[in-house]
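Here are a few short exercises to work through with the structure open beside you. Try each task before reading its solution.

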Amino acid sequence: MRTATHKNASTNKSKSVKLTLKKPVSKRIIKTAPKQTIEKPKSQATTHLSTSIPLIPKKPNKQSQLIALLKDPKGADIQMLMQATDWQAHSIRGLISGTLRKKLGLNVVITKLGGSLRYRIEQPIVD
């Protein structure tokens, strides 16, 4: 409960007046029927059009450029990969170990030739 002070101008004495606040009115909940959704039947024309549109080839990105270089039977060294993508060496090694090996499941073989490492993707033999 709140109290308010009121000063009487003639006596300069303050009187306390108790103010009571009304309790808030509870909100009424009105139950309504759920909205019904009407499903539109798919026409054959729209499904036919979606299958006849040719796929647009993706623009080659740096990851696909690296994969193309690594699919070469000779492989590629880190310098070649760095020049092709303008990436640093640690970024290329991270892509090879994280994305190509772990996520895509490609078999990347590393061989040491003349003091430099050569990376290549070895294709599995299919019987």
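The exercises below use a predicted model.

**Exercise 1. Work out what span helix α4 (residues 89-103) should have, and compare it with the distance between its end C-alpha atoms.**

Step 1: Helix α4 has 15 residues, and the rise is 1.5 Å a residue.
Step 2: The expected span is 1.5 Å times one less than the number of residues, so α4 should span 21 Å.
Step 3: The end C-alpha atoms of α4 are 20 Å apart, which agrees.
Step 4: Now look along the helix: α4 bends by about 30° at L95.
Step 5: Just past the helix comes G105, with a positive phi near 70°.

**Exercise 2. Find which residues of α4 are buried, and what they pack against.**

Step 1: The buried residues in α4 are A89, I92, L95, I96 and L100.
Step 2: Their packing partners are two helices, α2 (62-70) and α3 (78-85), and two strands, β4 (108-113) and β5 (116-121).

**Exercise 3. Decide whether T85 is buried or exposed, and list its contacts.**

Step 1: Locate T85 in helix α3.
Step 2: Buried means under 20% relative accessible area; T85 has 1%, so T85 is buried.
Step 3: The T85 side chain reaches the backbone oxygen of L81 at 2.9 Å.
Step 4: Beyond neighbours within four places in sequence, T85 contacts K62, Q65, L66 and I92.

**Exercise 4. How many salt bridges does the whole structure hold?**

Step 1: A search of the whole structure gives one.
Step 2: E122 pairs with R120, with the closest N and O atoms 3.6 Å apart.
Step 3: E122 is partly exposed at 34% relative accessible area, and R120 is partly exposed at 23%.

Methods
Residues are numbered from 1 along each chain as its sequence is written. This is a predicted model: local features need pLDDT of at least 70, side-chain atom pairs count only at pLDDT 80 or more; totals for chains, interfaces and linings use all residues. Side-chain values use heavy atoms; hydrogens and water are left out. Helices (H or I, at least four residues) and strands (E, at least two) are DSSP runs, numbered from the N terminus. The bend at a residue is the angle between axes fitted to the seven residues ending there and the seven starting there. Buried means under 20% relative accessible area, exposed over 50%, partly exposed in between (1.4 Å probe, protein chains only). Contact means heavy atoms within 4.5 Å. A polar contact is a pair of N or O atoms within 3.5 Å; within protein, one must be able to donate a hydrogen and the other to accept it, and residues adjacent in sequence count only if both atoms are side-chain atoms. A salt bridge is a side-chain nitrogen of Lys or Arg within 4 Å of a carboxyl oxygen of Asp or Glu.
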